[in-house]
Amino acid sequence: MVAVTVALTSTVALGPDWLDPAILLKGLGPYMLVGLCFIIFAECGLLVGFFLPGDSLLFTAGLFVASGVLEYPLWLVCLLLTVCALAGNVVGYWIGHRAGPALFAKPESKIFKKEYVDKTHEFFDKYGARAIVMARFVPIVRTFITAMAGVGRMDPRKYFTYSLIGGVAWAAGLTVLGYFLGQIQFVRDNLEMMLILIVLLSVVPIIIEIVKARREKKSLLAQEAADITQVIERVDETQRIRPVD
């Protein structure tokens, strides 16, 4: 086993000291794994968990397993975190499914409007599978998209299938990544930089989707313009060849 030393004096530049994943996990003491599981559950299912640093916590947890700070086998940690991530999505979906109609049924509400539910439903019909998987890797988005899936009445079987896929890729994937990369000296010496890099990389899938959507929209507008132009040309041609009475 490779001895890994994590400097707790460094603070992740993206938040206060208490959100530093190493400090947060160390502060949980003998309940480190239990606390980590609850944090992952809260970030995936409870709307109050949006500020929690899930990505960096998972990576750091993997590093702690490699160093022996977290004295549990890697497979067990990955299994528990994946189960908690999936359970969080189940609770988040249930909250959206049950509370959504009541919130959006108020015609005087300026925030919870019925049209938002319709738009959410259309969104998940088109991007549902990809959205649920990719949202796992995007801070804040992974917290709220679960409730929005419930509000939008996304097909439960489809939702839970891709929630499981995303949960394995995110919870187990980042933990395993931290376990193996944490054994590299450069990574151990530059933990803060690696955590910031993980957060930045997590946004890449969403950026790709935005660019793709804009290109598709431009292509559709161009096609519509071309169709309109053809119709106008046909009308003009018809008028030119119409016989004079």
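Gly 100 is found in helix α4 of this predicted model, a helix that spans residues 74–104. At 4% relative accessibility, Gly 100 counts as buried. Not counting residues up to four places away in sequence, Gly 100 touches Ile 95 and Val 151. Gly 100 can also be compared in position with Gly 152: the two are 52 residues apart in sequence, and their C-alpha atoms are 8.4 Å apart in space.

**The chain as a whole**

The protein chain contains ten helices and zero strands. Read from the N terminus, its elements run α-α-α-α-α-α-α-α-α-α. Of the 245 residues in the chain, 39% count as buried. The accessible surface comes to about 14,100 Å², and 68% of this area belongs to carbon and sulfur atoms. Among contacts between residues at least 6 apart in sequence, 77% join residues at least 24 apart.

**The nonpolar cores**

In soluble globular proteins, nonpolar side chains tend to be buried together. In the present model, the largest nonpolar core has 29 residues, and those that touch the most other members are Leu 25, Leu 36, Ile 40, Phe 64, Leu 70, Leu 81 and Trp 170. Helices α1 (21–27), α2, α3, α4 (74–104) and α7 each supply at least two residues of this core. Helix α2 gives the most, with eight residues.

Leu 25 offers a view of this core from one of its members. Leaving aside neighbours within four places in sequence, Leu 25 is in contact with Met 32, Leu 36, Leu 57, Thr 60, Ala 61 and Phe 64. Apart from the largest core lies another core, of nine residues, including Ile 132, Ala 135, Ile 145 and Met 154.

Thr 175 has its place in helix α7, which covers residues 156–181. Thr 175 is buried, with a relative accessible area of 0%. Its contacts, leaving aside neighbours within four places in sequence, are with Leu 58, Gly 62, Leu 74, Val 77, Cys 78 and Leu 81. Leu 81 is also among the residues of the largest core that touch the most other members.

**The salt bridges**

The structure holds two salt bridges. They are set out below.

| Salt bridge | N to O distance | Separation in sequence |
|---|---|---|
| Arg 142 and Glu 43 | 2.8 Å | 99 residues |
| Asp 55 and Arg 142 | 3.2 Å | 87 residues |

Arg 142 and Glu 43 meet through their side chains in a salt bridge. This pair links distant parts of the chain, with Arg 142 in helix α6 and Glu 43 in helix α2 (residues 32–45). Both Arg 142 and Glu 43 are buried.

Asp 55 forms a salt bridge with Arg 142 as well. Here too the pair links distant parts of the chain, with Asp 55 in helix α3 (residues 54–67) and Arg 142 in helix α6. Asp 55 is buried, and so is Arg 142. Through shared partners, the salt bridges join Glu 43, Asp 55 and Arg 142 into one network.

**The cysteines**

A search of the whole structure finds zero disulfides. Cys 37 is in no disulfide, and the nearest cysteine sulfur, that of Cys 84, is 3.9 Å away. Why is there no bond between the sulfur of Cys 84 and that of Cys 37? The two sulfur atoms are 3.9 Å apart, which is too far for a bond, because a disulfide requires a pair of cysteine sulfur atoms within 2.5 Å. Both residues lie under the 20% cut-off for burial: Cys 37 is buried, with a relative accessible area of 11%, and Cys 84 is buried, with a relative accessible area of 16%.

**A nonpolar patch on the surface**

Some nonpolar residues are found on the surface of the model. Leu 47, Phe 50, Phe 51, Ile 140, Phe 144 and Met 148 form a nonpolar patch there, with about 490 Å² of accessible area together. One of these residues, Met 148, lies in helix α6, which covers residues 141–151. At 30% relative accessibility, Met 148 counts as partly exposed. Helix α6 is also the helix in which Arg 142 lies.

Conventions
Residues are numbered from 1 along each chain as its sequence is written. This is a predicted model: local features need pLDDT of at least 70, side-chain atom pairs count only at pLDDT 80 or more; totals for chains, interfaces and linings use all residues. Side-chain values use heavy atoms; hydrogens and water are left out. Buried means under 20% relative accessible area, exposed over 50%, partly exposed in between (1.4 Å probe, protein chains only). Patches are made of residues with over 30% relative accessible area and no salt bridge: like charges are joined within 9 Å, nonpolar side chains (Val, Leu, Ile, Met, Phe, Trp, Tyr) within 5 Å. Accessible areas come from the Shrake-Rupley method with a 1.4 Å probe; for residues, only the protein chains shown count as cover. A salt bridge is a side-chain nitrogen of Lys or Arg within 4 Å of a carboxyl oxygen of Asp or Glu. Helices (H or I, at least four residues) and strands (E, at least two) are DSSP runs, numbered from the N terminus. Contact means heavy atoms within 4.5 Å. A nonpolar core is a set of buried Ala, Val, Leu, Ile, Met, Phe, Trp, Tyr and Cys residues joined through side-chain atoms within 4.5 Å.
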